[in-house]
Amino acid sequence: MGQFILVPIVIFGLLILISAFFIVKQQTAAIVERFGRFQYIAQSGLRIKIPLVDRVAGRLSLKIQQLDVIIETKTLDDVFVRLKVSVQYKVIREKVYDAFYKLDYPHDQITSYVFDVVRAEVPKMKLDDVFVKKDDIALAVKAELNDAMLDYGFDIIKTLVTDIDPDAQVKQAMNRINASEREKIAAQFEGDAQRILIVEKAKAEAESKRLQGQGIADQRREIARGLEESVEVLNRVGINSQEASALIVVTQHYDTLQSLGEETNSNLILLPNAPQAGSNMLNDMVASFTASNQIGEAMKRAEEDRKKNGE
């Protein structure tokens, strides 16, 4: 009978002995209380407490933690916007007592401060400034949280504004504005390109005309020089200048007829080509030159008479 009583006592003793040991994980702090009163903070490793007297009241992680807070507020230009603020924080190792006993719900406390700061800062800014100055908002949140949470044993590592989400209609309007601006810039570039093409084309045409005119002038200069040489040769054989000019014109006339006959793809051009056409052309040209010389001589004599009468 005594043996049956001894077995439960041994088992109960072993359970009590085992309960005296507990393990605290790395980067964790355990709070040990004795009869409901704080006793000590146990760091990581295998620890011993007095069974039935001491108990582990709670554990706090010493790792960096992140809390995401979503806030909806209104900007200075009356646009509703949703911001996502990520707060990275950790429990200060030397202030584990304050972090465990002074705050029951640290997440709620941090969220309240984030709401308060964001709703105080964003209404001072226009929507575009919210995107540009999001780092200023994050710094304001961090400064406020540091001042408030340091006394509670929490260190605010960093705050980030990770998302800015305006109303859907506002985003559509912003996209239309950006598209219009890009179309305007594209139209300006296209206009500049067309203007450059027109200017360059005009310059090219002007240069072509200039070179063409220069070529024609050179051609006519060479023709005149050749005619001059031909007249000089004919003068040396006793043909006067008028007859020589007429002869050259007739010769060019027949050369032209010959070149037209050789060109199979040429257009139809009607020129006098009868046998007597050359003789008629020559007689007409000689008569024209004679008449022009007579008119020139008459005008010269009239000018001389006028000068004499004037004297």
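This note sets out numbered points on a predicted model of a protein chain.

1. Confidence. The mean pLDDT of the protein is 79, and 76% of the residues reach at least 70. Among the elements, strand S2 (residues 28–34) has the highest mean pLDDT, at 91, while helix H7 (residues 241–262) has the lowest, at 64. Where pLDDT is low, the predicted coordinates should not be read in detail.

2. Nonpolar surface patch. Ile5, Leu6, Ile9, Val10, Leu14, Leu17, Ile18, Phe21, Ile23, Leu46 and Ile48 make up a nonpolar patch on the surface, and together they have about 1,100 Å² of accessible area. Helix H1 (2–19) is the main contributor to this patch, with seven residues. At least two residues come from each of H1, strand S1 (21–24) and strand S4 (45–48).

3. Phenylalanine 21 within that patch. Phenylalanine 21 is a residue of strand S1 and a member of the nonpolar patch. Its relative accessible area is 42%, so phenylalanine 21 is classed as partly exposed, the range between 20% and 50%.

4. Negative surface patch. Four acidic residues, Asp116, Glu144, Asp147 and Asp151, form a negative patch on the surface. Of these, aspartate 151 is located in the loop that runs between helix H5 (134–149) and strand S8 (154–166).

5. Salt bridge between glutamate 33 and arginine 55. The structure contains six salt bridges. One of them pairs glutamate 33 with arginine 55, with 3.1 Å between the closest N and O atoms. The two partners belong to distant parts of the chain, 22 residues apart: glutamate 33 lies in strand S2 and arginine 55 in strand S5 (residues 54–61). Their accessibilities fall in separate classes. Glutamate 33 is buried, because its relative accessibility is 7%, under the cut-off of 20%. Arginine 55 has a relative accessible area of 45% and is therefore partly exposed.

6. Salt bridge between arginine 34 and aspartate 54. Arginine 34 and aspartate 54 also form a salt bridge, in which the closest N and O atoms are 2.6 Å apart. Here too the pair links distant parts of the chain, with arginine 34 in strand S2 and aspartate 54 in strand S5, 20 residues apart. Aspartate 54 counts as buried because its relative accessibility is 5%, whereas arginine 34, at 27%, counts as partly exposed. In this pair the acidic partner is thus the buried one, as glutamate 33 is buried in the pair with arginine 55.

7. Salt bridge between aspartate 135 and lysine 134. A further salt bridge joins the side chains of aspartate 135 and lysine 134, with an N to O distance of 3.7 Å. Lysine 134 has a relative accessible area of 31%, so this residue is partly exposed.

8. Positive phi at glutamine 27. Most residues other than glycine have a negative phi. Glutamine 27 has a positive phi, near 55°. The residue is placed in the loop between S1 and S2. With a relative accessibility of 29%, glutamine 27 is classed as partly exposed.

9. Positive phi at aspartate 78. The phi of aspartate 78 is likewise positive, near 60°, in a residue that is not glycine. Aspartate 78 occupies the loop between S6 and strand S7 (80–91). A relative accessible area of 55% makes aspartate 78 exposed, because the cut-off for that class is over 50%. The backbone at this position and at glutamine 27 may be examined with reference to the phi values near 60° and near 55°.

10. Leucine 67 and valine 85. Leucine 67 is situated in strand S6 (residues 65–74). Its relative accessibility is 12%, so leucine 67 is buried. Between leucine 67 and valine 85 the C-alpha to C-alpha distance is 8.2 Å, although 18 residues separate them in sequence.

11. Valine 130 and isoleucine 164. Valine 130 belongs to helix H4 (residues 127–132). This residue counts as buried, because its relative accessibility is 0%. Valine 130 and isoleucine 164 are 34 residues apart in sequence, and their C-alpha atoms are 8.2 Å apart in space.

Methods:
Residues are numbered from 1 along each chain as its sequence is written. This is a predicted model: local features need pLDDT of at least 70, side-chain atom pairs count only at pLDDT 80 or more; totals for chains, interfaces and linings use all residues. Side-chain values use heavy atoms; hydrogens and water are left out. Patches are made of residues with over 30% relative accessible area and no salt bridge: like charges are joined within 9 Å, nonpolar side chains (Val, Leu, Ile, Met, Phe, Trp, Tyr) within 5 Å. Accessible areas come from the Shrake-Rupley method with a 1.4 Å probe; for residues, only the protein chains shown count as cover. Lys and Arg count as positive and Asp and Glu as negative; His and the chain ends are not counted. The place of a charge is taken as NZ of Lys, CZ of Arg, CG of Asp or CD of Glu. Helices (H or I, at least four residues) and strands (E, at least two) are DSSP runs, numbered from the N terminus. pLDDT is the predictor's confidence in each residue, from 0 to 100. Buried means under 20% relative accessible area, exposed over 50%, partly exposed in between (1.4 Å probe, protein chains only).
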